[in-house]
Amino acid sequence: MTNFKPTLAYAKEQDKHDPINRFREKFHIPKDKKGNDIVYLCGNSLGLQPKNTQKYIQEELDDWAKLGVEGHTEAQHPWMPYHELLTNTMAKIVGAKPSEVVMMNTLTTNLHLLMVSFYQPTKTKYKIVIESDAFPSDKYAVESQLDFHGFDKKEGVILWKPRKGEDLCRIEDLENILADQSDEIALILIGTTNYYTGQSFPIKEITELGHKHKCVVGFDLAHGAGNIQPDLHKNGPDFAVWCSYKYLNSGPGSLGGLFVHERHAKNPKLKRFTGWWGHNKKTRFNMRQEFDVLPGAEGWQLSNPPILSMAAIRASLDIFEEAGFDNILAKQKKLTGYLEFLLHDLKNDRISIITPSNPEERGCQLSLAVQDADRSLHDKLTKAGVISDWREPDVIRVAPAPLYNSFEDVFLMVERLKKCLE
Ligand SMILES: *Cc1c(COP(=O)(O)O)cnc(C)c1O
């Protein structure tokens with residue numbers, strides 16, 4: 001990909017030949033005061049709204065108005081099994097079998113529910129490894145689980161850290177942690193792709209490493225789902241969780257998802273918190289039964305789910321299905337590669353990219369460390385019509401989402417950044 005050119009004409013030419021360029025039309029692109037498209041590079045935080053979302057939600061509102069409670073069985077898409085409409089596409093996107101995946105609750109809730117099942121500490125083997133730049137919610141969740149089980153939450157968390165003077169975590173250092181302390185470690189929980197650095201960690205390697213040392217291995221795919229192919233079934237982690245409002249474009253606070261590997265599908269020894277939606281579908285409404293758990297991921301469901309949120313997820317997943325996830329990933333590599341090329345071409349000492357340059361070790365996001373940073377550069381960029389985001393202490397995150405961002409977007413972003421730096 002070394003034949004990139006730093007010109008608008010080149011960027012436009014790439015858009016013309018991009019096989020999934022037409023999908024941009026399926027999204028609402030925010031506009032500036034003059035009505036021009038804003039350069040929106042913030043799909044890592046909140047994905048844009050598909051134009052069809054309103055229609056999908058309206059259909060459910062109409063069926064509710066027309067049918068009332070009968071909609072559970074009589075709606076055009078009956079509400080009772082509605083979540084099943086999401087499963088196949090979601091499973092493809094995370095590389096799982098449909099029985100391993102369910103959409104429910106929100107990310108942190110699902111993380112807790114799966115730790116109830118998969119974090120089973122003993123007196124001596126109880127510690128939890130997370131990456132040092134783990135998302136705060138994950139860190140709080142892990143600490144509160146330790147506390148809940150009666151362990152010291154400071155002592156119980158082991159941080160996998162970058163070395164001094166480095167930004168990224170090295171797998172050798174995780175190997176060393178496990179070689180030294182695996183007798184004490186019960187769970188490894190890693191966020192991939194990392195929300196701060198944009199680093200994608202090797203799921204297979206980490207899983208094998210953890211399992212070799214008799215640790216449970218889970219992943220937080222908040223920044224991975226819809227952005228990389230985590231191949232969950234093949235790579236074999238015990239569980240994973242994600243949200244649907246970042247790269248999955250399903251609306252603010254929309255439902256999350258979870259994965260439980262098939263090998264745990266029918267394990268009667270796993271403890272869990274239960275609710276009626278995890279009960280055998282055939283007898284769920286008999287109401288006076290002993291709990292009869294559904295096999296697979298569905299067995300972790302608690303409640304009948306919010307259909308309006310699921311309608312939004314369906315609208316988005318239909319786009320993924322139509323565009324083809326492989327095509328999306330192929331464009332992602334090229335588009336982010338182009339962004340990287342243009343940023344290098346800036347030759348500005350104040351800006352450096354901390355995200356790995358190997359496309360296999362990242363998704364679409366590049367994290368730019370800004371020297372002598374305060375928010376002002378980011379704020380100038382926003383005024384210039386580029387939505388990115390700022391993460392303390394010194395990072396601007398830019399994430400060209402391949403479904404709706406163009407090569408032109410990427411070109412304009414770097415051109416405006418150049419002006420802001422002058
Ligand atoms: C966005 C994000 C969350 C957010 O959690 P919610 O429960 O959906 O609010 C959690 N963890 C990571 C790594 C994230 O990137």
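In the predicted model, the buried residues of helix 6 are Asp138, Ala141, Val142, Glu143, Gln145 and Leu146. The elements that cover these buried residues include helix 5 (107-118) and helix 7 (153-156), together with strand 3 (127-131), strand 4 (157-160), strand 5 (185-191) and strand 6 (216-220). An α-helix has 3.6 residues a turn, so residues three or four places apart point the same way. Helix 6 itself covers residues 136-148, which makes 13 residues. At 1.5 Å a residue a span of 18 Å is expected, and the end C-alpha atoms are 18 Å apart, so the two values agree. After helix 6 comes glycine 150, with a positive phi near 85°.

Aspartate 138, one of the buried residues of helix 6, also belongs to the surroundings of the ligand. The other residues around the ligand are Leu107, Thr108, Phe135, Asp220, Ala222, His223, Tyr245 and Lys246. Sorted by class, this shell holds 4 nonpolar, 2 polar and 3 charged residues. A polar side-chain atom of aspartate 138 is 2.7 Å from a nitrogen atom of the ligand. For aspartate 220, a polar side-chain atom is placed 3.0 Å from a nitrogen atom of the ligand. In the case of histidine 223, the partner is an oxygen atom of the ligand, which lies 3.0 Å from a polar side-chain atom of this residue. The ligand taken alone exposes 390 Å², and the protein buries 83% of that area.

Another histidine, histidine 83, is located in the loop between helix 3 (71-74) and helix 4 (84-94). Histidine 83 counts as buried because its relative accessibility is 1%, and the cut-off for a buried residue is under 20%. Apart from its neighbours within four places in sequence, histidine 83 makes contact with Val102, Met103, Trp277, Lys281, Glu298, Gln301 and Met310.

Several features of the backbone were also examined. Most residues other than glycine have a negative phi, and most peptide bonds are trans. Aspartate 231 has a positive phi, near 45°, and is not a glycine. This aspartate is found in the loop between strand 6 and helix 10 (232-235). With a relative accessible area of 26%, aspartate 231 is partly exposed. Lysine 347 also has a positive phi, of about 50°, although it is not a glycine. The loop that holds lysine 347 runs between helix 12 (325-346) and strand 9 (351-353). Lysine 347 is exposed, since its relative accessible area is 66% and the cut-off for an exposed residue is over 50%.

Two cis peptide bonds are described here. The bond from threonine 192 to threonine 193 is cis, and its omega is near 10°. Threonine 193 is part of the loop between strand 5 and helix 9 (203-212). From glutamate 392 to proline 393 the peptide bond is likewise cis, with omega near 5°. Proline 393 sits in the loop between strand 12 (389-391) and strand 13 (395-398).

Helix 14 consists of 15 residues, 407-421. From the first C-alpha to the last, helix 14 reaches 21 Å, close to the 21 Å expected at 1.5 Å a residue. Its buried residues are Phe407, Asp409, Val410, Phe411, Leu412, Met413, Val414, Leu417, Cys420 and Leu421.

Methods. Residues numbered from 1 in each chain as written. Predicted model: local features only at pLDDT ≥ 70, side-chain atom pairs only at ≥ 80, totals over all residues. Heavy atoms only, no water. Helix = DSSP H or I, 4+ residues; strand = E, 2+ residues; numbered from the N terminus. Expected span 1.5 Å × (residues − 1). Buried < 20%, exposed > 50% of the residue type's maximum accessible area, 1.4 Å probe, protein only. Contact = heavy atoms within 4.5 Å. Near = heavy atom within 4 Å. Polar contact = N/O pair within 3.5 Å; in protein donor to acceptor, adjacent residues only side chain to side chain. Areas by Shrake-Rupley, 256 points an atom, 1.4 Å probe, with all protein chains shown as cover. Nonpolar A, V, L, I, M, F, W, Y, C, P; charged D, E, K, R; others polar.
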